[in-house]
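Subject: Structure for your review

Dear colleague,

Please find below the sequence and structure that I am handing over to you. My notes on it follow.

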2 protein chains.
Amino acid sequence: MKRNATIVDIAAHLGITPSAVSKAFSDHPRISAETKAKVVQAAIQLGYVPNGMATGLRKGRSGLIGVVVPGINYSFFSTAIKGIEEQVTVRGYNVLIVQSRDSFEVEKNQLQNLLRAQVEGIIASIAINTKNYTAFKEVAGRVPLVLFDRTFARSGLSEVTIDDFQAAVVAVEHLISMGYKRIAHIAGLSHMRPFSKRIEGYKYALNKHGIPGQQEYIIECAPNSNEGEFATEQLLNLNQPPDAIFAASDYLAYGALQIALKNGYRVPDDLGLVGFSNEEFSGQITPSISTIEQYSERLGSTAANLLIDQLTFEKKGKKYPAHKIVITPKLIIRQSSLRI
Amino acid sequence: MKRNATIVDIAAHLGITPSAVSKAFSDHPRISAETKAKVVQAAIQLGYVPNGMATGLRKGRSGLIGVVVPGINYSFFSTAIKGIEEQVTVRGYNVLIVQSRDSFEVEKNQLQNLLRAQVEGIIASIAINTKNYTAFKEVAGRVPLVLFDRTFARSGLSEVTIDDFQAAVVAVEHLISMGYKRIAHIAGLSHMRPFSKRIEGYKYALNKHGIPGQQEYIIECAPNSNEGEFATEQLLNLNQPPDAIFAASDYLAYGALQIALKNGYRVPDDLGLVGFSNEEFSGQITPSISTIEQYSERLGSTAANLLIDQLTFEKKGKKYPAHKIVITPKLIIRQSSLRI
DNA sequence: CTATTTTGGTCAAACGTTTGAACAAACGTT
DNA sequence: AACGTTTGTTCAAACGTTTGACCAAAATAG
């Protein structure tokens, strides 16, 4: 590994001072065109790459944005990160990504890591078992912070979310319009914001259309297909089993589908089904599952823009109040809920 | 945003010098236990977070590992990154992730970004249209570099791959053992290493079992379901259509499945099918698709370990020769190829 | 031909930390 | 009591870059 050439090497090479070189790079008006040319020449010749840590230290900026998500491999988060990365790159930043692995402790540690790395801002989606926002409030006192998707109830922090309430309403109203009468909801864990909103929306839609809600029609569980199967078994064993299920995730919906088919239900004829998130597979299986498109990539890029806006604003010493941006999701109607 | 407390602030606060504070933090033997205690006290009181750029500059290390992938949202890469992130974190590094968006130009730029950020090593999977490895060779002259999955033919660079050849052999032999006679291959783009290896393995397996290969039975295309559909139409329109297809990706296999079913083929009875990569959906659709598990997370963590090993080695001034690590993938037999 | 402006730099300090050398005070040894 | 050692700290330089102040020479003005 050869030592990196520095501005000093270039200066020595040309018989000028380092500061002249620095100014040449930044196109300073007091440096002659000739010198500038020689400097870039020497730079490529010596394979010069500016030392980001040095410039960062001097200029008080790292050019780094921190991102903390429960897990990068969840397709929702990975596409959100795609959106973040692209936007952030466009605006001249790099992105430092860490995982909380849905653990509060790890999350805290990782936030600390990001601060130590001198990130200029943080975009985060909170871990599933993070109950209070003190750690995040603390962080927000140091660098701009934007939460996305998984946020806190009333934290006063900037956030970008999708309108889970509205999405649930639309999904349920769609089922109602298809003539389903007894609509159940397999919910996610209700202490997480997105899921609680979906529950609220579900209840609201039923109520709005004069359909009595039943306690047994709402089952909370972790959003994976196994739990979906389990929940569906419970539902179908009720005295009055539902004739439609609104599931809080496509994985839950998939589990529901499996159990329904296994028990001889025809989907959508005997049982309507709407999922959530528009996972890759949900459009590809048979019957395809109606779902909610969350625009996760746009969610990411929106969060990135909000953060950087805030960043540049505060650099000018101006106060930037907390913003809440809500993205409206879209219902995708597929076979699983389309009965004629 | 309050200015971050520095070591100087702590020093002033306690009436000692910054260097004493620094030494206290690093548990220097010449600093009294009493002072050390006072320093950590003051540190938490003032909310001190060490400035990574300053320490990095001084110590000549950033604690950053760069990762460049075509796209973070491809499930293969996102799970590989999960593996990388976790391993790298354990070993005290952070990970700077960039996307090449499968563009050679972007890739080059992003590599430059990483170097500027002073990453201590880079883990990369090359863009689809990157034809030569000069840029990577260049990078490898500056920091340790490990390629994974998408690598160059004979670059002399360290790499971690899965045994695509062997995987293809196993897949095709499985089809043969199931009694399929005319086995076609929907391949990826053959200039990419993993795909060319799969083609070789496919040919080798046929040859080994005395099955004559046919040129029309191999179709190269981009690995998505649309292309898979297209390729399958071609195959099924041949005078002698195949009775089994080994597809170089689950998406291709999925496309094949769609077209097969549409044309009245029963899968696996009339047409056997094996995909590649074990994507989320391939186990969930009906019929479920036999496939190859690539252990992408382990691929990532292995690459991370290899890189950091090399890193620590070279820090001691020792030369670390290029390593090639090959992970053996596993055939997962599901409905699409299991005929009795 | 002196005075002023412009041109093209150089100088030095600073960003926050680390680290070897230096040093004063306290202690132990003969 | 003189000397060596240990203890606990301060000093100063360094990492690579940026930037305002400064300066000498050349160009322009009066």
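The contact between the two chains draws 42 residues from chain B and 42 residues from chain A. Please bear in mind throughout that this is a predicted model.

On the side of chain B that touches chain A, four elements each supply at least two residues: helix H4 (52-59), helix H5 (75-90), strand S2 (94-99) and helix H6 (104-116). By character, the residues on that side of chain B comprise 18 nonpolar, 17 polar and 7 charged.

The nonpolar core comes next. The largest one has 176 residues, and those with the most contacts inside it are A:Leu96, A:Ile123, B:Leu96 and B:Ile123. Which residues does B:Leu96 touch, leaving aside those up to four places away in sequence? From chain A, B:Leu96 touches A:Asn94 and A:Leu96. Within chain B, its partners are B:Leu64, B:Ile65, B:Gly66, B:Val67, B:Leu114, B:Ala117 and B:Val119.

A helix pair in chain B also deserves your attention. Helix H10 (residues 225-236) and helix H11 (residues 250-262) of chain B pack with their axes 7 Å apart, at an angle of about 50°. An angle of that value is neither roughly parallel nor roughly perpendicular, the latter class running from 65 to 115 degrees; H10(B) and H11(B) are therefore oblique to each other. Their crossing is right-handed. The residues of this contact divide into 8 nonpolar, 6 polar and 3 charged. On the H10(B) side they are B:Ser225, B:Asn226, B:Glu227, B:Gly228, B:Glu229, B:Thr232, B:Glu233 and B:Leu236. Facing them in H11(B) are B:Tyr251, B:Leu252, B:Ala253, B:Tyr254, B:Gly255, B:Ala256, B:Gln258, B:Ile259 and B:Ala260.

Some backbone details may be useful when you inspect the model. In chain A, the peptide bond joining A:Val267 and A:Pro268 is cis, with omega at about 15°. A:Pro268 sits in the loop between helix H11 (250-262) and strand S9 (272-274) of chain A. In chain B, a cis peptide bond runs from B:Val267 to B:Pro268, with omega near 15°, and B:Pro268 is found in the loop between H11 and strand S9 (272-274) of that chain.

Two aspartates have a positive phi. For A:Asp149, which is not a glycine, phi is about 60°. A:Asp149 belongs to the loop between strand S4 (145-148) and strand S5 (158-162) of chain A. Is A:Asp149 buried or exposed? A:Asp149 has 26 C-beta neighbours inside 10 Å, so it counts as buried. For B:Asp27, phi is near 55°, and this residue lies in the loop between helix H2 (18-25) and helix H3 (33-46) of chain B. B:Asp27 counts as exposed because it has 8 C-beta neighbours inside 10 Å, and the limit for that class is 12 or fewer.

Finally, I would draw your attention to B:Leu306, found in helix H12 (residues 296-315) of chain B. B:Leu306 is buried, since 23 other C-beta atoms lie within 10 Å and 20 or more suffice for that class. Not counting residues up to four places away in sequence, B:Leu306 touches B:Val146, B:Ser158, B:Val160, B:His323 and B:Ile325. Of these partners, B:His323 is 17 residues apart from B:Leu306 along the chain, and their C-alpha atoms are separated by 8.1 Å.

With kind regards

Methods: Residues numbered from 1 in each chain as written. Chains lettered and ligands numbered in written order. Predicted model: local features only at pLDDT ≥ 70, side-chain atom pairs only at ≥ 80, totals over all residues. Axes fitted to C-alpha atoms, helices over the stretch in contact; angles between N-to-C directions. Parallel < 35°, antiparallel > 145°, perpendicular 65-115°, else oblique. Left-handed = near helix turned anticlockwise from the far one by under 90°. Contact = placed C-beta atoms within 7 Å. Nonpolar A, V, L, I, M, F, W, Y, C, P; charged D, E, K, R; others polar. Core = buried A, V, L, I, M, F, W, Y, C linked by C-beta atoms within 7 Å.
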